[in-house]
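Subject: The structure we talked about

Hi,

Here is the structure I promised to hand over. Please have a look at it first, and then read on for what I found.

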Amino acid sequence: MDDAALLRHITDLVAEEQELVETPDHDPARLSRLEVTLDQCWDLLRQRRARREFGLDPDAATERGSAVVEGYQQ
């Protein structure tokens with residue numbers, strides 16, 4: 001997935017997240033899964049940008065597992 005497609009996917013996920021948050025009886029498990037997926041997508045985009053910045057192949061970036069991205073310190 002290239003950066004543009006990844007950004008479109010992120011935009012779609014953010015819209016879905018917002019819709020869920022605004023729904024009074026939303027599924028909290030779905031929202032949680034969505035948040036993790038968003039974190040993974042943002043991480044992948046950051047990896048791709050970093051690899052490109054340092055002259056490496058951005059397509060070699062890989063999606064990290066939920067345990068990894070959820071363990072990052074903010």
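Below are my notes, going from the whole chain to its helices and then to a few single residues.

Please keep in mind that this is a predicted model.

**The chain as a whole**

The protein chain contains three helices and zero strands, so the order of elements from the N terminus is α-α-α by the DSSP runs. Along the principal axes, its C-alpha atoms fill a box of roughly 45 × 25 × 20 Å. Of the 74 residues, 26% count as buried. Among contacts with a separation of 6 or more, 50% come from residues 24 or more positions apart.

The chain exposes about 5200 Å², and 52% of that is supplied by carbon and sulfur atoms. As for charge, there are 9 positive and 17 negative side chains, with the centres of the two sets 7 Å apart.

**Helix 1**

Helix 1 covers residues 3–22, which makes 20 residues. From the first C-alpha to the last it reaches 28 Å, close to the 28 Å expected at 1.5 Å a residue. Its buried residues are Asp3, Leu6, Ile10, Leu13 and Leu20. Viewed down the helix axis, these buried residues fall within an arc of 100°, so they line one face of helix 1. That set packs against helix 2 (28–53). On the other side of helix 1 you will find Arg8, Thr11, Asp12, Glu19 and Glu22, which are exposed.

Valine 21 also belongs to helix 1. Is it buried or exposed? Neither label fits: valine 21 is partly exposed, because its relative accessible area is 47%, between the 20% and 50% cut-offs. Leaving aside neighbours within four places in sequence, valine 21 is in contact with His26 and Leu31. Its C-alpha lies 7.8 Å from that of leucine 31, a residue 10 places apart from it in sequence.

**Helix 2**

Helix 2 has 26 residues, which should span 38 Å at 1.5 Å a residue; the C-alpha atoms at its ends are 37 Å apart, which agrees. The buried residues here are Leu31, Leu34, Val36, Leu38, Gln40, Cys41, Asp43, Leu44, Leu45, Gln47 and Arg48. They pack against helix 1 and also against helix 3 (66–70).

Two of the residues on that list are worth a look of their own. Glutamine 47 sits in helix 2 and is buried, with a relative accessible area of 11%. Not counting residues up to four places away in sequence, glutamine 47 touches Ala61, Thr62 and Arg64.

Arginine 48 is likewise placed in helix 2. Why does arginine 48 count as buried? Its relative accessible area is 5%, and buried means under 20%. Which residues does arginine 48 touch, not counting those up to four places away in sequence? They are Met1, Asp2, Asp3, Leu6, Pro58, Asp59 and Ala61. Two of these, Asp3 and Leu6, also appear among the buried residues of helix 1. Proline 58 is 10 residues from arginine 48 in sequence, and the two are 4.4 Å apart in space, C-alpha to C-alpha.

**The loop between helix 2 and helix 3**

Phenylalanine 54 is placed in the loop between helix 2 and helix 3. With a relative accessible area of 64%, phenylalanine 54 is exposed, since exposed means over 50%. Its C-alpha and that of arginine 64 are separated by 20 Å, the two residues being 10 apart along the chain.

If you open the model, I would start with arginine 48 and its contacts, then turn to the face of helix 1 lined by its buried residues, and finish at phenylalanine 54 in the loop.

Happy to talk it through whenever suits you.

Best wishes

Key
Residues are numbered from 1 along each chain as its sequence is written. This is a predicted model: local features need pLDDT of at least 70, side-chain atom pairs count only at pLDDT 80 or more; totals for chains, interfaces and linings use all residues. Side-chain values use heavy atoms; hydrogens and water are left out. Helices (H or I, at least four residues) and strands (E, at least two) are DSSP runs, numbered from the N terminus. The expected span of a helix is 1.5 Å times one less than its number of residues. Buried means under 20% relative accessible area, exposed over 50%, partly exposed in between (1.4 Å probe, protein chains only). The arc is that of the directions from the helix axis to the C-beta atoms. Contact means heavy atoms within 4.5 Å. Accessible areas come from the Shrake-Rupley method with a 1.4 Å probe; for residues, only the protein chains shown count as cover. Lys and Arg count as positive and Asp and Glu as negative; His and the chain ends are not counted. The place of a charge is taken as NZ of Lys, CZ of Arg, CG of Asp or CD of Glu.
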